[in-house]
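Please open the model in your viewer and keep the selection tool at hand. The stops below go from one selection to the next, with a short account of what is found at each.

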Amino acid sequence: HWFDGDAMLHSMSFCQGQVCYRNRWIRAPHFEMEADAGKPLWGGLMEPFAANPKVSLFKDTANTDVIAHNGELKAMWYLSGDLVTVDPISLETQGVDNLGGELMGKVSAHAKVDPRSGELLFFGFGMKPPFMFYGEADATGKLQYQVPVPLPGPRLPHDMAFTDNYAI
């Protein structure tokens, strides 16, 4: 499945009439666990998962979405995973970002940045309550707000949008 692949970023820049190319693996925590072990630890999304590490049913590959916020890149996974910070110039992984606070859960891909305020708007979901939550970080990346979204059970939302007054 295409979500099984480890995340890699590519960049091109122009300097002194030349094009420079760079690529780097996003070294998310599960990538590092497999690198340390010297072998794959998780099966793919369409494979039996009973033998996967107990730390996570599926491998968080941080391979679904990348956004720019507060001068950094944030890599995210579609099933709600770690928010992974990447340097936009070197493409080196800086680590997991909890936005300076205690998040209610993992963050899903497709977070948004408000172009007027610079705020990061995000949501997460999981198999345990709260099944979904919504949060905001200010333009400097500091967690400002989060709230559970009442749901009767787990869901698999895809994306979000926002207006001046609402997050949808």
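Throughout this tour, a residue is called buried under 20% relative accessible area, exposed over 50%, and partly exposed in between. The model is a predicted one, and the residue numbers used here count from 1 along the chain.

Begin with K106, whose relative accessibility of 42% lies between those two limits, so that K106 counts as partly exposed. Add D82 to the selection: the side chains of K106 and D82 meet in a salt bridge, with 2.7 Å from N to O. Because K106 lies in the loop between strand 6 and strand 7, and D82 in the loop between strand 4 and strand 5 (84-86), this pair ties together parts that are 24 residues apart in sequence. D82 itself is buried, with a relative accessible area of 14%.

Keep the loop between strand 6 and strand 7 in view and select K74 together with D97, whose side chains meet in another salt bridge at 2.6 Å, N to O. This pair, too, links distant parts of the chain, for K74 belongs to strand 4 (residues 72-76) while D97 sits in the loop between strand 6 (93-96) and strand 7 (112-113), 23 residues apart. K74 is buried, with a relative accessible area of 1%, and D97 also counts as buried, at 16% relative accessibility. Now extend the selection to E72, since K74 forms a salt bridge with E72 as well, the closest N and O atoms being 2.8 Å apart. E72, in contrast to the buried K74, is partly exposed, with a relative accessible area of 26%. As a general matter, side chains of opposite charge can pair when their charged atoms come close. The structure holds 9 salt bridges, of which the pairs visited so far are examples.

Which residues are joined with E34 into one network by salt bridges that share partners? Select D6 and K59 along with E34, as these are the residues of that network. E34 is placed in helix 1 (residues 29-37), and at 11% relative accessibility it counts as buried. The C-alpha atoms of E34 and K59 are separated by 9.9 Å, although the two residues are 25 apart along the chain. Once neighbours within four places in sequence are left aside, E34 is in contact with K39, P40, L41, W42 and K59, which makes these five a useful set to display around it.

For the last stop, select strand 1 (8-15) and strand 2 (18-25), which pair in the antiparallel sense over 8 bridges. One of the bridge partnerships can be followed from S13 to C20 in strand 2. The two strands form a hairpin with 2 residues between them, and Q16, in the turn, has a positive phi of about 50 degrees.

What lies on the surface here can be shown by selecting M12, F14, V19 and Y21, which form a nonpolar patch with about 500 Å² of accessible area together. Strand 1 and strand 2 each supply at least two residues of this patch. Is M12, a residue of strand 1, buried or exposed? M12 is exposed, because its relative accessible area of 57% is over the 50% limit.

Technical notes:
This is a predicted model: local features need pLDDT of at least 70, side-chain atom pairs count only at pLDDT 80 or more; totals for chains, interfaces and linings use all residues. Side-chain values use heavy atoms; hydrogens and water are left out. Patches are made of residues with over 30% relative accessible area and no salt bridge: like charges are joined within 9 Å, nonpolar side chains (Val, Leu, Ile, Met, Phe, Trp, Tyr) within 5 Å. Accessible areas come from the Shrake-Rupley method with a 1.4 Å probe; for residues, only the protein chains shown count as cover. A salt bridge is a side-chain nitrogen of Lys or Arg within 4 Å of a carboxyl oxygen of Asp or Glu. Helices (H or I, at least four residues) and strands (E, at least two) are DSSP runs, numbered from the N terminus. Buried means under 20% relative accessible area, exposed over 50%, partly exposed in between (1.4 Å probe, protein chains only). Two strands pair if DSSP finds at least two bridges between them. Contact means heavy atoms within 4.5 Å.
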